[in-house]
Amino acid sequence: MDKMNINNIIETESLTKVFGGLAAVNEVTLKIDRGDIFGLVGPDGAGKTTLLRMLCGLITPSRGRISRNSDSFGYMPQKFSLYGDLTIAENINFFGALYKIDSKTIRRRADEILEITGLAGFKSRFADDLSGGMKQKLALTCALLAKPALLVLDEPTYGVDPESRKEFWKILYQLNKEGVTIVVSTPYMDEAELCKTVALISRGIIMSTGDPGSLKKSFPYGILELKADARDLDFINDLPEVVDGDFYGDKYHVAVYEVEQAKAAIINLLAEKKVAIHHLRHIPPSMEDVFVAVTKEEVV
Amino acid sequence: MSRILAILQKEFLQMKRDRLTLGMVFMLPLVQLLLFGYAIQTEVKHISTVVFDQSMSIESRDLLDSFSSSGYFDITGTAKGYAEITKMIDSGKAKAGIIFPPDFAEKLRKGETAPVQVLVDASDSMVSNSAIAVANSIGLLKSQKIIMQKTGVQSLPYDIRVRPWYNPDGITAYYMVPAILGIIVTMTMVMMTSMGIVREREKGTLEQLMVTPVKSYELMIGKVIPYIALGYLQITVALLVGGVVFGVPIRGSILQLYLLTLFFITASLGIGIFISNIARNQMQAFQMSFFVFLPSIMLSGFMFPREAMPSIIQYIGNIFPLTFYLTIIRGIVLKGIGFPYLIPQVMSLLVFSVIMMTLSIIKFKKKIA
Amino acid sequence: MEYVVTTCELTRTFGSFTAVDRININIRPGEIYGFLGPNGSGKTTTMRMLCGLLEPTSGSGSVLGYDLARESEKIKQKIGYMSQKFSLYDDLTVYENLVFYAGMYSIPYHERKKRVAEMIEMAWLAGREKDLPANLSGGLKQRLALGCAIISRPSILFLDEPTSGVSPTSRRMFFKIIQKLANEGTTVMVTTHFMDEAERCHNIAFISGGRLIANDTPDNLKNNVIEGCMVEVDLPDAMERIEELESLPYVKECSIHGPLLHVLLDSEGNVAVFDRYTGVKAREITPSLEDVFISLAKLQRKQES
């Protein structure tokens with residue numbers, strides 16, 4: 001890396017972190033654009049937290065290089081790290097003071113952010129008494145006090161109910177619109193769809209990077225969605241036209257080599273077994289399908 | 001029964017893998033014995049002493065000789081005035097000062113009372129007690145001699161002969177080593193047991209255990225037996241070290257020592273289990289263990305003689321199992337006495353154990369909250 | 001026995017806080033019963049009461065005919081339970097963990113080896129018997145914990161968020177195992193945040209603020225709860241247009257699902273109007289379970305305030 005591209009807010013080269021002989025993050029080379037919503041997507045233990053902590057300079061890499069083109073950044077760690085026995089307002093004042101922001105400015109900015117996050121009415125409530133979603137919003141407020149150009153969030157929606165998750169993402173989009181670059185990690189595949197750029201990470205290795213659309217386009221198989229009157233449809237996997245099939249909710253998703261051929265084969269097979277078909281249609285792959293495909297070779 | 005065996009097997013596997021803790025279990029009695037056995041001397045000798053001798057006479061030198069040959073006072077320097085002595089004691093360079101007035105020898109020769117001033121740094125009461133006692137008796141002995149010479153009396157009217165039994169040479173280690181056994185067992189039983197159970201609560205494995213059909217008592221017995229084994233191992237190590245390094249004799253029956261120790265172990269386990277029932281995390285368990293441990297050391301007679309404590313404090317000391325155990329173990333090791341003499345102590349431990357275990361079983365109901 | 005689990009006004013309070021508020025549920029033998037709701041809504045507390053880990057403050061219930069309050073030890077002999085964090089012993093190997101739980105359930109010695117081998121096969125752990133749990137992936141740990149919970153072949157299995165944080169591949173594999181157990185007759189009660197898992201349950205209870213607010217089959221919930229016409233539309237900048245679309249008079253709700261927007265229109269007649277507005281053809285769909293729960297949660301909040 002000779003000179004950093006001015007359009008990139010973070011660049012890493014062969015970034016590696018080894019804990020006790022095990023590479024938690026393995027040879028990660030990344031470029032994150034200014035203004036991006038960059039999603040680091042993978043299961044627990046994939047190395048997301050370690051990578052984000054290195055990006056924030058909280059841990060020293062074992063190998064590789066990293067450059068950050070932004071002085072100001074906010075970090076929201078995975079675990080709720082605010083004081084449960086302080087109120088929302090007290091937490092905000094404390095974190096503001098850590099950034100040496102004067103109390104007037106803190107109040108003004110806090111009001112702005114609390115308005116966005118919908119916490120304005122709860123300023124005197126203790127952090128311990130907030131719901132999971134509200135706690136995350138408070139943590140976000142504190143991370144935003146210093147008006148960072150870059151916001152790094154580690155699994156901000158983990159264990160939060162679906163509605164609060166969606167709301168949280170709305171806030172992230174609004175911040176992004178105001179110019180904040182967002183780097184976020186998540187174990188939820190549906191959230192991957194919301195990122196502008198997605199990096200799929202598994203066992204410390206970035207398996208694939210790109211925008212959700214092109215990642216899905218690179219998916220090598222066709223997906224058929226089947227709804228049929230049967231508890232067990234795994235026998236479909238025995239068809240030579242089928243790569244892999246699995247329940248996805250109450251529907252069965254079948255990855256196939258060639259859509260029309262496979263459709264015919266499945267219809268035949270189900271007729272033979274006397275299973276009624278509600279519908280069988282070709283659908284675009286989801287991020288989850290993509291993730292499963294790129295990590296397929298691994299033992300899970 | 002098979003469930004207890006399964007728990008035992010698991011506990012021993014875990015213990016075997018936790019090398020650090022296992023090492024501590026053996027190092028603890030070793031290190032404590034060596035440290036306490038060697039370091040703790042309740043009698044203070046070799047007190048550094050400065051002298052301001054204004055008399056500079058044969059008589060003053062003679063008395064000084066008596067002081068230094070007692071072994072308690074080391075004459076480390078001379079001073080040229082009160083101010084200098086004060087300064088040396090203030091700065092801690094000397095712990096005692098001896099001042100002879102200019103007319104010391106003259107008064108002695110005339111047969112008058114010759115005052116000698118001994119200044120002692122009493123901020124450390126152990127030091128000052130020895131110094132004061134020895135200085136007084138030197139004065140008495142010297143006076144006695146002179147009076148006997150003057151009056152021609154050949155023998156003294158009283159002859160008190162003290163025979164120190166059980167530990168005639170007054171070797172501190174004899175007194176300390178058995179007591180340290182008690183301390184070590186307290187630490188293992190209270191601290192390790194309580195933390196061992198609380199760790200399972202913290203990790204969530206206790207929750208998993210609670211939904212199995214395992215009975216509370218099975219769980220308790222299974223968890224506790226390994227610690228009893230550890231405790232006995234520690235006692236054996238400590239007795240061996242005590243015998244080999246310090247030459248502590250065991251005058252009573254070793255069998256009785258091991259048997260009666262079981263009562264103490266049960267009582268201490270009771271505390272450990274009780275703590276594990278109320279502590280939410282390992283830190284709390286550790287703190288609560290200390291809350292038991294420190295007063296045990298202070299009030300049981302391990303450090304300070306209980307006879308010197310106000311009676312209310314003595315009563316408080318009776319809450320701790322260690323107090324009774326010290327009487328038991330010192331009795332068996334040093335006095336060579338046996339069970340018939342120790343019935344009150346054993347009964348007290350028994351009552352204590354029953355109360356603790358009952359409380360624990362009531363509190364522990366295989367429920368989370 | 002018609003129901004293997006029943007509760008009547010089951011309630012649990014902690015101090016002044018009511019974690020579970022007069023809940024009535026019935027679970028049939030052999031069904032997968034999904035328990036859904038936001039964090040802190042009382043799912044875990046309910047499950048712990050059913051497992052005999054917590055005593056109900058009031059109300060009653062029974063599991064396999066045994067009373068929750070009086071016969072919790074009998075219940076424990078018949079059930080399997082997997083708590084939220086996989087409670088395995090870190091310093092015991094995979095094999096030793098399984099053997100230990102086999103011992104806890106007093107499985108006869110001559111059978112233990114066979115059962116442990118079964119669990120290892122079920123969890124795809126072959127070759128990893130001597131590994132410590134710390135060296136296993138999330139998915140393997142999860143399946144080992146499941147193995148420990150079902151080594152006694154329980155007739156009811158309680159799973160508290162068994163799949164949070166594991167990879168999608170492991171999640172699918174796990175649910176396959178659950179489905180197989182259910183097909184073989186085990187009743188499964190499971191809490192989850194994942195809607196695709198909820199879809200695979202035979203019955204779903206949705207709980208919020210300690211109260212049961214819906215309880216039905218997934219199909220009935222999808223067909224009956226939401227009033228209006230749900231369409232799916234693929235718009236560029238979908239995220240930024242939610243508020244704009246919500247302000248349309250005939251739009252009741254709008255939310256993002258993956259890359260697509262789900263829009264709830266007040267009537268079928270307005271689909272064409274909506275198409276004209278966006279310039280994109282919207283597709284009528286059955287609401288997803290997620291749609292159902294979001295609207296249930298909104299409804300609940302409206303009632304509270």
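C:V231 stands opposite C:E284, a residue of β15(C). The model is predicted. Strand β12 of chain C covers residues 229–233. Its pairing with β15(C) is antiparallel and runs over two bridges.

These two strands belong to an open sheet of four, all from chain C. The order is β13-β14-β12-β15, with antiparallel pairing. Which strands stand at the edges? They are β13 (251–257) and β15 (283–284) of chain C. Each has a single partner strand, so one side of each lacks a neighbour in the sheet. A helix packs on this sheet: α10 of chain C, residues 271–278. Helix α10 touches β12, β14 (260–265) and β15 of chain C. The direction of α10 makes about 25° with that of β12(C).

Now step back to chain C as a whole. Its secondary structure comes to 11 helices and 15 strands. The C-alpha atoms fill a box of roughly 70 × 45 × 35 Å along the principal axes. Chain C has 305 residues, and 53% of them count as buried. Take the contacts in chain C between residues at least 6 apart in sequence: 67% of these join residues at least 24 apart.

Helix α6 of chain C is next. It spans residues 168–183, 16 residues in total. From first C-alpha to last, α6 reaches 22 Å, close to the 22 Å expected at 1.5 Å a residue. Which residues of α6(C) are buried? At the start of the helix come C:P168, C:T169, C:S170, C:R171 and C:R172. The others are C:F174, C:F175, C:I178, C:L181 and C:A182. An α-helix has 3.6 residues a turn, so residues three or four places apart point the same way. Among the buried residues, C:F174, C:I178 and C:L181 show such spacing. Just after α6(C), C:G185 takes a positive phi of about 110°.

The nonpolar cores complete the picture. The largest has 158 residues. Those with the most contacts inside it are B:I180, C:L98, C:I151, C:F158 and C:V188. Helix α7 of chain B, residues 172–203, gives the most to this core, with 18 residues. Another core lies apart from it, with 78 residues. Among its members are A:F38, A:L51, A:C142 and C:I242.

Return to C:F158 in the largest core. What does C:F158 touch, leaving out residues up to four places away in sequence? Its contacts are C:M47, C:L50, C:C51, C:I79, C:G80, C:Y81 and C:M189.

Technical notes
Residues numbered from 1 in each chain as written. Chains lettered and ligands numbered in written order. Predicted model: local features only at pLDDT ≥ 70, side-chain atom pairs only at ≥ 80, totals over all residues. Core = buried A, V, L, I, M, F, W, Y, C linked by C-beta atoms within 7 Å. Buried ≥ 20, exposed ≤ 12 C-beta atoms within 10 Å, placed from the backbone. Contact = placed C-beta atoms within 7 Å. Pairing = 2+ DSSP bridges. Axes fitted to C-alpha atoms, helices over the stretch in contact; angles between N-to-C directions. Expected span 1.5 Å × (residues − 1).
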